[in-house]
Amino acid sequence: MDSLEEILGRHPFFAGFEAGHGRLVAGCARNLRFAAGQYLFREGDPADEFFLIRHGKVALELVEPGRPPVVFATLGAGEIVGASWLLPPYRWRLAARAVEPTRAIGIDAACLRGKCEADHHLGYEMMKRFLPILVERLQATRLQLLDVYGKH
Amino acid sequence: MVAPDPFLPQPYRVERRRRELVGAVTLELAPLVGARPDFAPGQFNMLYVFGVGEVAISLSGDAERGTTFVHTVRNVGAVSGALTRLEVGASVGVRGPFGRGWPLTGAEGADLLLVAGGLGLAPLRPALYAILARRERYGRVLIMVGSRSPEDILYRRELEHWRRRPDLEVLLTVDHADADWHGHVGVVPALIPHAGLDPARTLALVCGPEVMMRFAANALLAAGIGPGRIHLSMERNMKCAVGQCGHCQFGPFFVCKDGPVLGLDRIGGILAVPEI
Amino acid sequence: MDALPTATAAVLDRDGLQALIEALAARGFRVCGPVVRDAAIVYDEISGVADLPAGWTDRQAPGRYRLERRADQALFGFAAVPQAWKRFLHPPVETLWRVRQGEDGMLFSSAVETAPRYAFLGVRACDLRAIAIQDRVFCADDCRDDAYERRRRDAFIVALNCSEAGDTCFCVSMGTGPRAEGAFDLALTELLDASRHEFLVEVGSAAGEELLAGLPRRTATEPDRAAAASVVARTAGRMGRSLETAGLQELLESNPEHPRWDEVAERCLACANCTMVCPTCFCTTLEDHSDLSGGSAERVRLWDSCFTLDFSYIHGGSVRQTDKGRYRQWMTHKLATWFDQFGSSGCVGCGRCITWCPVGIDITEEAAAIRATPHIQGGDHG
């Protein structure tokens, strides 16, 4: 059985991460499994953990009253789920549902935030990994907004 | 033989008609006389509806099989709308084929990535037929198809069929879906970073709305694929189709005869310039 | 200025020029040349020297064209006329084909009519080059316009070495004049002073030589050639405009976001005059017409302009929505991307676009403005 630290090190999010930092993060991590249809979290829940997907697929959903939930993105192996744990008030603003049986690593948000505060090098490394992903998702959202396949 | 007058349509007849999506049909057109000319994947024809007008439509059938021209047409204007309403037996004027298609010759040994958005799958389908006809000559073959919603996926049955092939990776994604959809949700360029592409071996063929192609091109460049290995099928106003009417100019290119497929190494500098 | 080459040359007087026109008509050519009509000099059918604009000249300036009397009786004492020979070789309206509904389907038939065999009298140097430039568009190896090619092949060209330069002329900058170079059958230089009114005629083809042999003429002397050379040299020194062409292609292609495009767009009316008078602008549109009964239809090709909103229409809208985008397209095409497409500039320096612009936009001034401050915006910091 691989250690959490080894599993974390193989995840693309932590590619090139210093071993010392890896140990610090692993100290906040746990292994998770979600059955198909199970929610990682729902809108409004406390955002106290963030997730690295190892296998499977997770759908991000928003609910409008009177309509079935709308899926606006799916995330798969090698991707991360969640950013609300970074910002007060630490509440999820969307729901994440496992579409398939999914294995993930959950990282305790308060634990990781504390270690990042204590070690700004670690915090900066985390930010360097987070920001490109958030920017990519923002850009994808822009393209989605254009509704390019719609009839003009 | 005297070269045919490129301005004079030839009479064809609708042999088959198949409804694809809301407002989109696939027509099979058979020549009234003689055989249909050869075409290359990525080329287009000019289709004329009596008394209505003419419009450029890409070829979407198998270049190496069949005796008809296959065109998938979406109702977006007077002529394309009239085409979508034609019944079997109706008469159509055809000029073509025109333009330069996908650079498949010389692609032997390469990994091929086809990136389609919406009806952009139509001009890529002949490329896929050609690739599958000699599948052993290529490395990995992936096709990524982006659509608005699961109901808007073109050639869905054929895609499902291809998905079962072990030698072809088919990735479908939609912009929006409800919980019944178990595939990807998100824009098609977002699939590119996670595809595990070998940038030195990959040749990318991209067709879709221009903005989607720009995003896809950026994602391909970010994946390390050189601009000379990224090819986009451009759309501009085609009138004459032979580079004499000027309408389809895109910087120095006549999209009708220099394209419609153009390498990013040639058009990268003007792709994002507004109103070029 | 070098003396004119010593190839076959002769001198015609006015009667000789009359004989030239008659000889062309006798060979079945429809002879076209400059005539005064509607307060302008235009190209139209002529039957003799008397039809030519003797004693007339034009005063051209940005947005301005006026005929004036000359002090002499020169027949070719004017600059570029509003419409070049384009309208004969590349007609503004041309029916390409007709179609009717048959029992089994549509029946298409070519409707391109056989054009008359034209003889053009007085093809100025810039316009001669313009014809050569349009040849590359319509007689490309991969696609030939047969009707154009026929009209072109059948045409007899009497070129003109210019004796007059207008205020909007800049052929010297473009390397296209004022001496006619290229494919002509005969070339004239008008020699006019107090003592004589004659035309030096140079031969450019076997057909020209054959025609000339039947005309009343005298052999050209060295002084005749020197006089003709000095006419051309004098004209070259009187260009109203100039355009710096060094590096122009790269300059324009690399400045699509230069603020000058916004500035010129504020003046441009997108009226398309420049494209209609330009001797090289070749763009057309295709229109499909049907009769009221719906039994037959036809396709008509008409001159079109990149200044119209419709020109770049693709489903959903036009690519070039703004006057800025359209002016930039026209000028960048003319002076830059034309090289990529056809191996030369698309501008021959005739100045028509300047003269006939209702607000006097001057292509030489616009190019100079961009050259003066390149890369103000855009560039490599994307």
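**Close-up 1. The span of chain B annotated as an FAD-binding FR-type domain.** In this predicted model, residues 7-104 of chain B correspond to the feature "domain: FAD-binding FR-type", which UniProt lists in an unreviewed entry. The C-alpha atoms at the two ends of residues 7-104 of chain B are separated by 28 Å, and by secondary structure the span is 47% strand and 7% helix.

**Close-up 2. The contact between chain B and chain C.** Chain B contributes 35 residues to this contact, and chain C contributes 42 residues. On the side of chain B that touches chain C, at least two residues come from each of β1 (10-21), β4 (53-58) and β6 (91-98) of chain B. Sorted by class, the residues of that side of chain B comprise 15 nonpolar, 12 polar and 8 charged.

**Close-up 3. Four cysteines of chain B annotated as a binding site.** The feature "binding site" is placed by UniProt, in an unreviewed entry, at B:Cys240, B:Cys245, B:Cys248 and B:Cys256. Although these residues span 17 residues in sequence, no two of their C-alpha atoms are more than 10.1 Å apart, so they gather at one spot. B:Cys245 belongs to the loop between β13 (230-233) and β14 (249-250) of chain B, whereas B:Cys256 belongs to the loop between β15 (253-254) and β16 (261-263) of chain B. B:Cys245 has 22 other C-beta atoms within 10 Å and is therefore buried, the threshold being 20 or more; B:Cys256, with 28 other C-beta atoms within 10 Å, is buried as well. Residues up to four places away in sequence being left out, B:Cys245 touches B:Lys239 and B:Cys240 in chain B, and C:Cys283, C:Thr284 and C:Thr285 in chain C. With the corresponding sequence neighbours left out, the contacts of B:Cys256 are B:Phe98, B:Gly99, B:Met238, B:Ala241, B:Val242, B:Gly243 and B:Cys248, the last of which is itself one of the annotated positions.

**Close-up 4. The open sheet of chain C and the helices packed on it.** Eight strands of chain C, in the order β3-β2-β8-β9-β10-β11-β1-β12, form an open sheet with mixed pairing. At its edges stand β3 (40-45) and β12 (218-219) of chain C, each of which has a single partner strand, so that one side of each is left without a neighbour in the sheet. Helix α1 (residues 14-26) of chain C packs on the sheet, where it touches β1, β2 (30-37), β8 (118-124), β9 (156-161) and β11 of chain C, and its direction makes about 105° with that of β1(C). Helix α7 (residues 222-236) of chain C also packs on the sheet, touching β1, β9, β10 (186-193) and β11 of chain C, with a direction that makes about 90° with that of β10(C).

**Close-up 5. Strand β11 of chain C and its two pairings.** Of the 8 residues of β11(C), 6 are buried, so this strand is largely enclosed by the rest of the structure. Strand β1 (residues 9-13) of chain C runs antiparallel to strand β11 (residues 196-203) of chain C and is joined to it by 5 bridges; within this pairing, C:Ala9 stands opposite C:Glu202, and C:Val11 has C:Leu200 as its bridge partner. β10(C) and β11(C) likewise run antiparallel, joined by 8 bridges, among which C:Leu188 is partnered with C:Val201. A hairpin of 2 residues links β10(C) to β11(C).

**Close-up 6. C:Asp44 in an edge strand.** C:Asp44 lies in strand β3 of chain C, which is one of the edge strands of the sheet. C:Asp44 is partly exposed, with 13 other C-beta atoms within 10 Å. Apart from its neighbours within four places in sequence, C:Asp44 is in contact with C:Cys32, C:Val35 and C:Arg37. The C-alpha atom of C:Asp44 is separated by 10.0 Å from that of C:Leu121, a residue 77 residues apart from it along the chain.

**Close-up 7. The contact between the two domains of chain C.** Chain C is divided into domain 1 (9-236) and domain 2 (248-372), whose C-alpha centres lie 25 Å apart. Their contact takes 38 residues from domain 1 of chain C and 32 residues from domain 2 of chain C. On the side of domain 1 that touches domain 2, β5 (64-69), β6 (93-101), α3 (125-138) and α5 (171-174) of chain C are the elements giving two or more residues, and the largest share, 9 residues, comes from β6(C). That side of domain 1 has 19 nonpolar, 11 polar and 8 charged residues.

Technical notes. Residues are numbered from 1 along each chain as its sequence is written. Chains are lettered from A and ligands numbered from 1 in the order in which they are written. This is a predicted model: local features need pLDDT of at least 70, side-chain atom pairs count only at pLDDT 80 or more; totals for chains, interfaces and linings use all residues. Two residues are in contact if their C-beta atoms, placed from the backbone, lie within 7 Å. Helices (H or I, at least four residues) and strands (E, at least two) are DSSP runs, numbered from the N terminus. Ala, Val, Leu, Ile, Met, Phe, Trp, Tyr, Cys and Pro count as nonpolar, Asp, Glu, Lys and Arg as charged, and the others, Gly among them, as polar. UniProt positions are given in the numbering used here, feature names are shortened, and annotations may be inferred rather than shown by experiment. A residue is buried if 20 or more other C-beta atoms lie within 10 Å of its own, exposed if 12 or fewer, and partly exposed in between; C-beta atoms are placed from the backbone. Two strands pair if DSSP finds at least two bridges between them. Axes are lines fitted to C-alpha atoms, for helices over the stretch in contact, and angles run from 0 to 180 degrees between N-to-C directions. Domain bounds come from an automatic or database domain assignment.
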